[in-house]
Amino acid sequence: MSRLFVPSPRGPVHLDERFEPWPATTGFRPVAATGGVPLMDIVERFGTPAYVVDEADVRGRCRAWRTALPDADILYAAKAFLCRAMATWIRQEGLGLDVCSGGELAIARSVGFPAERIVFHGNAKTPHELAEAVEYGVGRIVVDNLAEIPRLAMLVPPGSRQKVLLRIIPDVEAGAHAAIRTGGQDQKFGLSLDSGEAGAAVARVLRQPELRLAGLHCHVGSQIRTTEPYERAVRIMAEQLAAIRDTYKIVLPQLDLGGGMGIAYLASEQGLTPDEYATAVTKTLQERCAALDLPVPRLTVEPGRSISGPAGLTLYRVIAVKRTLTRTFVAVDGGMSDNPRPSLYGARYTARLIGRRSARTDRRVTLVGHHCEAGDVIAEDVPLPSDIKPGDVIVVPATGAYHHSMASTYNLTGRPPVIAVADGAARLVVRREEIDDLLRRDVGL
């Protein structure tokens with residue numbers, strides 16, 4: 001069983017990352033604390049709602065991926081969560097960065113992230129985004145459609161060649177919800193093998209002297225907690241590499257399998273550990289390449305959620321408690337604007353009372369937000385003390401991925417701050433979005 005070891009002011013901490021949804025340095029006795037910082041100190045200093053990210057946990061997970069796959073390129077998927085501090089940690093830990101927008105690239109550039117360690121994704125990259133990627137010299141651009149090939153070639157300076165990967169649809173779908181399964185034929189992403197589009201893309205790239213085909217890419221989905229879909233994708237992608245070799249007499253050196261590795265959001269759930277993933281994928285790749293008499297390509301993987309997700313938590317203040325004939329609603333000062341995943345994907349979370357001890361027994365409640373939507377639910381059927389009351393503070397774990405990055409200003413609610421904790425200190429890395437920020441964008445009549 002894989003375990004994650006991270007430094008802590010209390011000494012080494014080892015938590016089973018498969019079953020524990022809380023950040024690795026989090027404890028609840030004598031007081032709730034993460035990274036050696038009492039969570040109520042963060043509440044008093046920065047207010048609620050607030051995101052908290054455990055720097056040691058992030059770094060520990062980066063190292064776990066590098067240890068599991070020492071001969072692979074590990075790229076952090078920036079869409080899960082990115083800010084300058086996060087990009088700096090990723091750079092310092094020796095990982096690459098997978099970006100999918102001009103904004104994510106701008107964050108990377110602002111901290112001097114090495115261009116050669118960046119891969120640029122996107123099914124509809126704008127001409128401006130492509131130009132920025134080429135100008136910065138990103139290591140690889142993932143081509144997602146035929147129109148992108150000549151558009152990209154025109155942007156490459158004379159005498160240069162831009163490395164590209166082709167995103168192939170392996171027709172392998174996996175993930176916790178239909179909206180995050182991206183490897184099938186009816187998705188907007190990738191080049192179809194069945195339609196012949198993938199084959200046409202290979203031929204067109206090879207005819208462009210400004211482009212260098214470095215390898216193939218695929219991504220089958222997100223929040224995947226078994227290795228089987230990845231193993232299927234590996235077999236299909238290896239066969240495509242062999243077909244290109246047989247047709248064009250070239251051996252592509254790289255295979256990017258994307259990301260999507262799942263985590264535990266509840267104590268009863270299991271995540272997919274780096275060791276489990278690495279063991280299954282490398283074994284399958286080596287076996288399939290041997291059968292095809294194909295050199296084993298250099299592997300690239302793009303963990304995002306599995307690095308930042310468990311490292312984050314969110315703090316809320318209880319505003320109201322309402323009891324109906326059949327349910328108890330606990331309403332807090334955040335909601336779907338800082339965590340849209342329950343309303344988008346039916347995602348489930350747990351929660352815990354902090355800041356005071358209760359001797360009362362738990363009862364099942366529905367944790368809801370303050371937005372004018374019936375679907376503004378943070379967590380269903382959560383056990384909280386029966387004396388929960390306005391003013392109490394609730395903490396929700398596993399919120400480090402697809403929370404800050406997907407947050408909105410719905411109901412003109414400003415987005416929460418991000419607080420990084422490490423070695424007993426807390427620091428603001430993304431400030432709270434205030435009313436003045438919202439008004440500043442409204443230029444008037």
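This passage walks through one helix, two enclosed or open spaces and one buried residue in a predicted model.

Helix H4 makes a good starting point. H4 spans residues 102-110, and four of its residues, Gly 102, Glu 104, Leu 105 and Ala 108, are buried. These four sit on the same side of H4, because the arc they cover around the axis is only 160°. The cover over the buried residues of H4 includes strand S7 (96-99), strand S8 (118-120) and helix H5 (127-136). Both ends of H4 offer a further detail. At the N-terminal end, Ser 101 acts as a cap, with a side-chain oxygen 3.3 Å from the backbone nitrogen of Gly 103. Just after H4, Gly 112 adopts a positive phi of about 70°.

Attention now turns to the open spaces. The largest pocket has a volume of about 680 Å³. Its lining is made up of 32 residues, and Lys 79, Phe 189, His 219, Ser 222 and Tyr 402 are those nearest the centre. Strand S7 appears again here: S7, helix H10 (305-308) and helix H11 (341-345) are the elements that each give two or more residues to the lining of this pocket. Sorted by class, the lining of the largest pocket holds 12 nonpolar, 12 polar and eight charged residues.

Enclosed spaces are also present, with three cavities of 30 Å³ or more in the count. The second largest cavity has a volume of about 70 Å³. Around the second largest cavity lie Tyr 51, Val 52, Val 53, Phe 81, Gly 312, Leu 313, Thr 399, Gly 400, His 404 and Val 418. Two or more lining residues come from each of strand S5 (50-54) and strand S15 (312-323), and S5 gives the most, with three residues. The lining of the second largest cavity has six nonpolar and four polar residues but no charged residues, whereas the lining of the largest pocket includes eight charged residues.

A last look goes to a single position, Ala 198, which lies in helix H7 (residues 197-206). Ala 198 has a relative accessibility of 3% and therefore counts as buried, the cut-off being under 20%. Leaving aside residues up to four places away in sequence, Ala 198 touches Ile 168, Leu 191, Ser 192 and Leu 193. Ala 198 can also be placed relative to Leu 166: the two are 32 residues apart in sequence, while their C-alpha atoms are 7.8 Å apart in space.

Note on methods
Residues are numbered from 1 along each chain as its sequence is written. This is a predicted model: local features need pLDDT of at least 70, side-chain atom pairs count only at pLDDT 80 or more; totals for chains, interfaces and linings use all residues. Side-chain values use heavy atoms; hydrogens and water are left out. Buried means under 20% relative accessible area, exposed over 50%, partly exposed in between (1.4 Å probe, protein chains only). The arc is that of the directions from the helix axis to the C-beta atoms. Contact means heavy atoms within 4.5 Å. A polar contact is a pair of N or O atoms within 3.5 Å; within protein, one must be able to donate a hydrogen and the other to accept it, and residues adjacent in sequence count only if both atoms are side-chain atoms. On a 1 Å grid over the protein atoms alone, a cavity is a set of points where a 1.4 Å probe fits but cannot get out, and a pocket is an open set with protein on both sides within 12 Å along at least five of seven lines; lining residues have an atom within 4 Å of a point. Grid points are joined across faces, edges and corners, and a volume is the space filled by probe spheres set on the points. Ala, Val, Leu, Ile, Met, Phe, Trp, Tyr, Cys and Pro count as nonpolar, Asp, Glu, Lys and Arg as charged, and the others, Gly among them, as polar.
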